[in-house]
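Work through these exercises with the model open beside you. Try each task before you read its solution.

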Amino acid sequence: MMLGLSLAAFTALHTAISLVAIAAGLVFFGALTTGRWWKTANTVFLVFTILTSVTGFLFPPKPIGPPFVFGVVSLLLLAVAVYALYGRQLTGRWQWAYLIPALLAQWLNMVVLVVQSFQKIPILHGLAPTGGEPSVLAAQALVVLLVGYAAWRGLRLRRA
C-alpha cells in the first residue's frame, strides 16, 4: 500500500497526475508559441510534474533504471525552472534558465507517455511488443519535434 491506497489505486492516481501535468504543459507551451504566457497552466504544469516525479518514487523499490533516472533528472530540471521563475523572476537569461529545463521536463513526461502507451494500450502494444520498433521511434521523434518547435517559438517570442 502507498499512501493508504492499493497498488492499482495508487497507479491510477499517479497516472492521472501525470496526464494532468502533460495536458497542462501542452496548453502552456502551446500558448507560449503564440506569445501568450498562461500563468495558471504553467503553475498546474509545474506542480503536477513535480507530483508525478515524487509519486513515482513511492512505488515499490526496483533496481535503479530509467524510471528512477527520469524522476531524478526531472526534479533537478524543475528545481532550476522554479528558481528561475520564482526566485529570479525570469529576468535576463533566467528566461532561458526557465524555459529550457521546463521544456525538457515536459519532454520527459511525454517520453514516458509514449513508452507507457505502447506497453499498456493493446492496439499500440500489438504494433510494438518489444518497445524498440520503428513505430515507437517515430512517436518519440514526433515528441522531439513538438517540444523542439515549442522551444524555438517560445525563445524567439521571449526575445522579441
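The exercises below concern a predicted model, and they go from helix pairs to the core and then to single residues.

**Exercise 1. Describe how α2 packs on α3.**

Step 1. Start with the geometry. Two packed helices are described by the angle between their axes and by the distance between those axes.

Step 2. Find the two helices. α2 covers residues 39–56 and α3 covers residues 66–87. Their axes are 9 Å apart, at an angle of about 150°.

Step 3. Classify the angle. Angles over 145 degrees count as roughly antiparallel. α2 is therefore roughly antiparallel to α3.

Step 4. Add the hand. α2 and α3 cross in a left-handed sense.

Step 5. List the contact residues. From α2 come Asn42, Thr43, Leu46, Thr49, Ile50, Ser53 and Val54. They meet Gly71, Ser74, Leu75, Leu78, Val82, Leu85 and Tyr86 of α3.

Step 6. Sort them by class. The contact of α2 with α3 has eight nonpolar residues, six polar ones and no charged ones.

**Exercise 2. Repeat the analysis for α2 and α4.**

Step 1. Read off the geometry. The angle is about 55°, and the axes lie 11 Å apart.

Step 2. Classify. The angle falls outside the parallel, perpendicular and antiparallel ranges, so α2 and α4 are oblique to each other.

Step 3. Add the hand. The crossing of α2 past α4 is left-handed.

Step 4. Name the residues. α2 contributes Asn42, Phe45, Leu46, Thr49 and Thr52. α4 contributes Tyr98, Ala102, Ala105, Gln106 and Asn109.

Step 5. Sort by class. Five residues of the contact of α2 with α4 are nonpolar, five are polar and none is charged.

**Exercise 3. Which residues have the most contacts inside the largest nonpolar core, and which helix gives the most to it?**

Step 1. Take the size. The largest nonpolar core holds 29 residues.

Step 2. Pick out the best-connected members. Phe29, Phe45, Tyr98 and Leu103 have the most contacts inside this core.

Step 3. Assign the core to helices. α1 (7–32), α2, α3, α4 and α6 (134–159) each supply at least two residues. α4 gives the most, with nine.

Step 4. Follow one member outward. Leaving aside neighbours within four places in sequence, Leu103 is in contact with Phe29, Val147, Ala150 and Ala151.

**Exercise 4. Are Gln106 and Gln140 buried or exposed, and what do they touch?**

Step 1. Place them. Gln106 is in α4. Gln140 is in α6.

Step 2. Apply the cut-off. Buried means under 20% relative accessible area. Gln106, at 2%, is therefore buried. Gln140, at 16%, is buried as well.

Step 3. List partners, not counting residues up to four places away in sequence. Gln106 touches Ala21, Ile22, Gly25, Leu26, Phe29 and Phe45. Gln140 touches Val111, Val114 and Val115.

**Exercise 5. Characterise Val114 and its contacts.**

Step 1. Locate Val114. The residue lies in α4, residues 94–120.

Step 2. Judge exposure. Val114 counts as buried because its relative accessibility is 11%.

Step 3. Find its contacts beyond four places in sequence. They are Val136, Ala139, Gln140 and Val143.

Step 4. Compare sequence with space. Val114 and Val136 are 22 residues apart in sequence. Their C-alpha atoms are 7.4 Å apart.

**Exercise 6. What is the phi of Gln89 and of Leu90, and is each residue buried or exposed?**

Step 1. Recall the background. Most residues other than glycine have a negative phi.

Step 2. Read the angles. Gln89 has a positive phi of about 55°. Leu90 has a positive phi of about 60°. Gln89 is not a glycine, and neither is Leu90.

Step 3. Place them. Gln89 is in the loop between α3 and α4, and so is Leu90.

Step 4. Judge exposure. Gln89 is exposed, at 54% relative accessible area. Leu90 is buried, at 9%.

**Exercise 7. Place Ala128 and list its contacts.**

Step 1. Locate Ala128. The residue is in the loop between α5 (122–127) and α6.

Step 2. Judge exposure. At 2% relative accessibility, Ala128 is buried.

Step 3. List contacts, leaving aside neighbours within four places in sequence. Ala128 is in contact with Phe118, Glu133, Ser135 and Val136.

Step 4. Check a separation. Ala128 and Trp38 are 90 residues apart along the chain, and 37 Å separates their C-alpha atoms.

Definitions and conventions. Residues numbered from 1 in each chain as written. Predicted model: local features only at pLDDT ≥ 70, side-chain atom pairs only at ≥ 80, totals over all residues. Heavy atoms only, no water. Axes fitted to C-alpha atoms, helices over the stretch in contact; angles between N-to-C directions. Helix = DSSP H or I, 4+ residues; strand = E, 2+ residues; numbered from the N terminus. Parallel < 35°, antiparallel > 145°, perpendicular 65-115°, else oblique. Left-handed = near helix turned anticlockwise from the far one by under 90°. Contact = heavy atoms within 4.5 Å. Nonpolar A, V, L, I, M, F, W, Y, C, P; charged D, E, K, R; others polar. Buried < 20%, exposed > 50% of the residue type's maximum accessible area, 1.4 Å probe, protein only. Core = buried A, V, L, I, M, F, W, Y, C linked by side-chain atoms within 4.5 Å.
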